[in-house]
Amino acid sequence: MRRLVVLFGLSMFFALRLEANPLALRRSVFRIETTGQERNFLNPWRLDSPEMWSGTGFYIGNGRILTNAHVVANASSITVQRDGDARKIPAYVQFIGHDVDLAIIGVTDGRYLKNVEALSFGSIPKLRSPVTTVGYPMGGDQISMTDGVVNRISYQTYVHTDADMHLLVQVDSAINPGNSGGPVFQGRNVVGVAFQSLTRAQSAGFIIPVPVAERFLNDCMDGHYDGVPHWGVETQDLVFNNSMAARFYKIPQKDGRGTLVSRVHAWSPARGIIRRGDVLLSIAGKDIGVDGRVAFEGERVDYEALYDFRLSGEKVRMEVLRDGAILNLEVIAGQGLPHQYSGRVFSRRPKFTVFGGIVFTALTLSVMEVWGDSWEKRAPLILRNLVRNPFDLEEAQGRDELVIVSDILVNKANAFVEVSSPALDKVNGQKVKSVSMLHEVLRTAKDETLRLDFMFDKVPWIFNLAELRAVHDETNKRYGVSPVFWLEPYSVDAAVTKEGVQ
Amino acid sequence: MIRLVLLVTLAFTIVAAGPLHRPHNEYSGRDASEVERSVLHLTVTRAVPDPEAPWSTQNLDVAGYAGVVVGENRVLTQASIVSNAVYIQAQKVDDVEKIPMRVTFADYEANLAILSPIEGKELTGVKIMPIGGDIPVGSDVSLISIENERQLRRVEGRAMEVRLRDASLGGLAVPMYSMTGMNRSSCKSDPMIRKGSLIGICQTVAESQPQVITSGVLSHFINEKLNPEGYRGFSSLGVSLHPVRSPWQRKTLGIPAGKGALRVASVNETSPFSDCVKSDDVLHAVDDIAVDHRGFYLHPRWGMMPIGHYVISKYAGDNLSLRFSRAGKVQTCARVLRRYTSQDKLVPGPGNSSTIPHVIFGGMVFQELSVDYLSTFGREWPTKAPIPLMFIYTYLNDATLTRRRLLVLTNVLADEFNAGYEKISHLVLESINGRPVASIEELKIHLKLPGVQRSGAEFAQFEFRNGAEIVLPYQGIDASHKRIAKTYSISQASSFFTR
């Protein structure tokens, strides 16, 4: 009997491998080469030197190639090359979702994709099931295949923005630079998109699972990518492992459900619906355990994963315990996050305005990286705290962006200033809510004095407004500042579009 | 066995050869014997409280430092090296006898301490080193250190500039010489001498250059120690002053061109001047000594120095007057200076407390946020300690009359009683049962008051700054404390909350 089980297992394994052979699908997998320029967040009117990098993408039909956002972010030129084909064809970005690290690109010559088989999606792979990663990793120009096994399904940070958490699948096959954006197969089906790895662990790669990719594709169907809706509800997990805490919050005995709401941010779509002290019992009909997780595809994942799958405007049913009574509530998924300073941005330029030689920009993780990889040690403490704990400081609330002074272009009107705390609080007594608002105030101010107050600093900068205006043009000319401001929203992306580089 | 004997013999040979073997850079010459009789080697054994387990101490730490004989049976050294000392010994470099010492007085803000032999012991054969006056910048000096307990090492250098620097993590800024020609990685309370007199004690090293507390500060400390009316210590204004660099701001504040002035940026609630000076006042003079546009005054020996240096030279209890203008009208305000103490800060500096104020409630360990606690995150604690706590220490460290301390839930000692909360750490406590708390004593008092009644039981409800909340019942807490005391070997009953 034992022998039979082993044989059965082996036959299943071979059947799966034979059917899987992704080499048969290799002509649907593309090498992507990108040339682009990183943004300069200290002097935002500048671009850094051009660089070239490569990744992988795969055909999903209708002239669309799916890849990672980080493969084509900030691209000024993209080419795709099919396996076995000598030609490199220009491509452009149709849709890009930095929050989920996915992008759809098209080619300028539609004939190139004729007769290419569109790959189809499968489902979330089971733990310990085999997968095959296909792509163009470093070490050669030829297509490469790596076999591995699914190790874990979890809800973790996507490092492209370093601020967004979503569902992901960990596999034990190496995912190296160049693999990014490549398909991960199980049988003939794509079960994920290779996208990141652990640098300190060998053979620990991560793939974007199908539900996240499908949500991205659905989001793009109306011609615009809205992004994963923001939640803005913080919870304390495991509290109700404590029977007395469960009694305090009047949770029915042996319920086994519930995570405690500790904070609902002002920008949350759940604001006014869910309150601090509520106990979340279920989401979309799925019970939330005391660990803050729900059963999903045979695993337990953070309950937020189910919210993430919603498109903006869709309703999410929540079962909530409040003062001992169970309430059935609905939250409309939406984009509420007022600022971007917790993550990297990939807009055409950082938002900024230069006035009288003072360079103002919005605080983002990208700005922090001006201090290098070890910015968490080297950057000013005030900025580290604002970027890592943006909702813990009352002074930071009620703003669309945190505006900072990123540089001083010295001239006779500003030569006296010394940057102590770079985070701007007020301009002429008005709370600075965004770069755009500051730009408008600076442009239209009629006061004789310009006063800038900074957060957690009691030393204001006081200028004669007319003096600053008098040196404005000459300073910009001397320092080569052009344009002198950029106020487009971050959603206006840097990557090349069908119309060309923006 | 043969190997052991050989090793022991070798070790003895090295020790015995110490006094005879004089390296070329050893202190020598006519003053050598006098210096050898004035600079002692201190062996300090410290048992520092463990902020991660505040009911116990860290591993014993034994280290060697220098001390200078400044009076009969009086040795001057740094306070930080003898804080929490359980045993101190002093030894002349040419003597094998070690004299047990005790700390007779310490000022942890100025980071200076006086040691004396324990009762029944005396320092004999030593020479009192006179304390010299402040020296001009550019003077040649010698820094003396003790190596291998037995050798004095002299390094020649020059006092290049005088700056106000924090004497300790307590935040009291005192004048220090910055030395050149003496590249060092650390100081061990090394004395700086010139012409046989003590003119400074090395406090720290900045960019490989020793930073040496000036003799004026040493004299201030020692004279105060001898003051029959008691130690008054160093003082501070409690007023934050900043130069007005903007020409336009100078104009709007009514500061004439060429005139010096400082803008009052803030006044601490605990400042003696809190009732008469306020933000945006313009300070012109301190005790009729005019400040320049940078906030400097003319020091007779060092030239232009920050006005803060003048304040440091005053004693707590002295009168001090500020001349300032408000809306163009000149006013004068005189007040009695208070002693500067970092205990007035929201996050107090290091001290000598043998115990860390704390309380354990159902396994939750609450402590007052302190520099001692932050420094448990290792040598790189400014970048390793939790950012929100470092932020409070750096930017929000002014205590108010109603908020003297911040309480932190540092960790949870896992027990069945606190199941579900065991992973929580480093949270700033805002309130207990709806009542704000500002000290461990206040927390203990509030915990004794009636808690929150819910579902037929009485609970303690803790609310934290980040929105987190912990509820634990009063019922069963004594039993949990017994388990926790046994599991974590906590012998002090006083660590635990009792009603």
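Below are questions and answers on a predicted model.

Me: How are residues, chains and ligands numbered or lettered, and which residues count?
Reply: Residues are numbered from 1 along each chain as its sequence is written, while chains are lettered from A and ligands numbered from 1 in the order in which they are written. Side-chain values use heavy atoms, leaving out hydrogens and water, and in this predicted model local features need pLDDT of at least 70, side-chain atom pairs count only at pLDDT 80 or more, and totals for chains, interfaces and linings use all residues.

Me: How many helices and strands does chain B have?
Reply: Helices (H or I, at least four residues) and strands (E, at least two) are DSSP runs, numbered from the N terminus. By that rule, chain B has eleven helices and 30 strands.

Me: What percentage of the residues in chain B is buried?
Reply: Buried means under 20% relative accessible area, exposed over 50%, and partly exposed in between, with a 1.4 Å probe and protein chains only. The C-alpha atoms of chain B fill a box of roughly 85 × 85 × 40 Å along the principal axes. Of the 499 residues in chain B, the buried share is 53%.

Me: Is B:Val86 buried or exposed?
Reply: B:Val86 belongs to strand S4 (residues 85–92) of chain B. Its relative accessible area is 52%. Since the cut-off for this class is over 50%, B:Val86 is exposed.

Me: Which residues make the nonpolar surface patch of about 320 Å²?
Reply: Patches are made of residues with over 30% relative accessible area and no salt bridge (a side-chain nitrogen of Lys or Arg within 4 Å of a carboxyl oxygen of Asp or Glu); like charges are joined within 9 Å, and nonpolar side chains (Val, Leu, Ile, Met, Phe, Trp, Tyr) within 5 Å. Accessible areas come from the Shrake-Rupley method with a 1.4 Å probe, and for residues only the protein chains shown count as cover. The patch is made by B:Leu60, B:Val86 and B:Tyr87.

Me: How many residues apart in sequence are the parts that A:Glu369 and A:Arg344 tie together?
Reply: The side chains of A:Glu369 and A:Arg344 meet in a salt bridge, 2.8 Å from N to O. A:Glu369 lies in the loop between helix H6 (365–368) and helix H7 (375–378) of chain A, and A:Arg344 in the loop between strand S21 (325–332) and strand S22 (352–355) of chain A, so the parts tied together are 25 residues apart.

Me: Which residue of the salt bridge between B:Asp280 and B:Arg263 is buried?
Reply: These two side chains meet at 2.6 Å, N to O. B:Asp280 lies in the loop between strand S15 (262–267) and strand S16 (282–286) of chain B and B:Arg263 in strand S15, so the pair ties together parts 17 residues apart in sequence. B:Asp280 has 33% relative accessibility and counts as partly exposed. The residue with 5% relative accessible area is buried, and that is B:Arg263.

Me: Which helix of chain A helps cover the buried residues of H9(B)?
Reply: In helix H9 (residues 387–395) of chain B, the buried residues include B:Ile387, B:Leu389 and B:Phe391. Their cover, judged by contact (heavy atoms within 4.5 Å), includes helix H7 (371–374), helix H8 (381–384), strand S25 (407–412) and strand S26 (427–432) of chain B. From chain A, the cover includes helix H8 (381–388).
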